[in-house]
Amino acid sequence: MEKVDIVGGGISGLALAARLDPAKFEVVIHEQRPELPAVGTTLAMWADARNALGELGLLGALEERGSRLTSGALRGPSGVPLLSLQGEGLMGISRANLLQLLDSAVPPSVGRVTRRVEEISPKDALVVGADGVHSTVRRRIWGPRFDAKPTPFLAVRGMIPGNPEPEEVGEYWGRGTLFGLAPAGTATNWYASFRTDLGPERVEVEEALELTRRSFAGHSPAVRQVLAQAAPETSLAQRIWTMPPLGRYTRKGIALLGDAAHAMTPNLGRGACEALVDAVTLGKLLNEHPRGEALARYNRKRVLPTQQLKAASYVMGRIALAETMQPARDALLSQVGKRLSAKPAAAGTRE
């Protein structure tokens, strides 16, 4: 039996433990939290993430627990739509529900150790860093120059009861502010981002909520009503962190997954998806190939696409949270929206 120590019991760590062949590997998950988190925002599951969940036998459960995200709009602060968006086939699921599904797919043979890992010793086992943006594994092996870096922006998010109205769904882009609303089963998922000096290490949720209410006081009634209902016990607040680009996600006896490898800003909604794909890809390769070959193939498959998404997400964040170029940005979005909405009518005329 080959030994695999997974540092981190989040999305990528659980997915890898579920994908590894229990007849070939002795797997242990090292996670400092004694329980799965009960609060978390809705995560969009794009096609590649749904395929990864399918390999874990969880696609049906995603359909049962998730909600289909069909349409929305990019809006100005007042709620006026600038650009309509279609998301047919896109599924949304809360982070808490996704973690529960992944945890249920982990074989009983997988060991669980509740502790924070400080020392990394890959001598007797493959060590997998699935420990997030502040990865201890990455710091110990790749060095401090690849430590996470704080952005100027805070992310505040949560859930409230009841679905938003269709004409309220989407993202509201202001001057240096972003607010999003989406249905999540029988609830509403909301998220906000804006520049602030709060934090960066530890952010008190109640303080962050009050600051968020003040920051979005001039937004549409839908935004203000959601924030009025938001409660600390169903909300999260944290600084948005990112990290320098990595050219390799493996070294001898070490591999990185998810945010430990390519932490990105949340503006494309791809972080959780790529973590799932990382884990399922690595698990499948380790099942089918010797360790050295599997790690080499993992690098070839995952480094380039995830680093490209990381860069694209950063650019999207700069556009969404623009301060000085906001009027020009909104005018451009509005023109694009008008042209896209005119296309079906033109096509119908030609017929």
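**Strand pairing around E1, and two helix residues**

Lys3 faces Glu26 of strand E2, a convenient place to enter this predicted model. The pair belongs to a parallel arrangement in which strand E1, spanning residues 2-7, is joined by six bridges to strand E2, spanning residues 25-30. Helix H1, made up of residues 11-19, completes the picture here: together with E1 and E2, H1 forms a β-α-β unit that is right-handed.

Strand E1 also pairs with strand E7, which covers residues 126-129; four bridges link the two, again in the parallel sense. Within this pairing, Val4 sits opposite Leu126 of E7.

Attention can now turn to the helices. Arg95 lies in helix H4, which comprises residues 95-105. Arg95 is classed as partly exposed because its relative accessibility is 31%, a value between the 20% and 50% cut-offs. Beyond residues up to four places away in sequence, Arg95 touches Ile11, Gly40, Thr41 and Leu43. For Arg95 and Ile11, the C-alpha atoms are 8.6 Å apart, although 84 residues separate the two along the chain.

Thr306 offers a second helical example, being located in helix H10, residues 291-320. Thr306 counts as buried because its relative accessible area is 0%, and the cut-off for that class is under 20%. Once neighbours within four places in sequence are set aside, the contacts of Thr306 are Tyr249, His262, Met264, Glu274 and Asp278. Thus Arg95 in H4 is partly exposed, whereas Thr306 in H10 is buried.

Notes. Residues numbered from 1 in each chain as written. Predicted model: local features only at pLDDT ≥ 70, side-chain atom pairs only at ≥ 80, totals over all residues. Heavy atoms only, no water. Pairing = 2+ DSSP bridges. Right-handed = clockwise from strand over helix to strand, strands pointing away. Buried < 20%, exposed > 50% of the residue type's maximum accessible area, 1.4 Å probe, protein only. Contact = heavy atoms within 4.5 Å.
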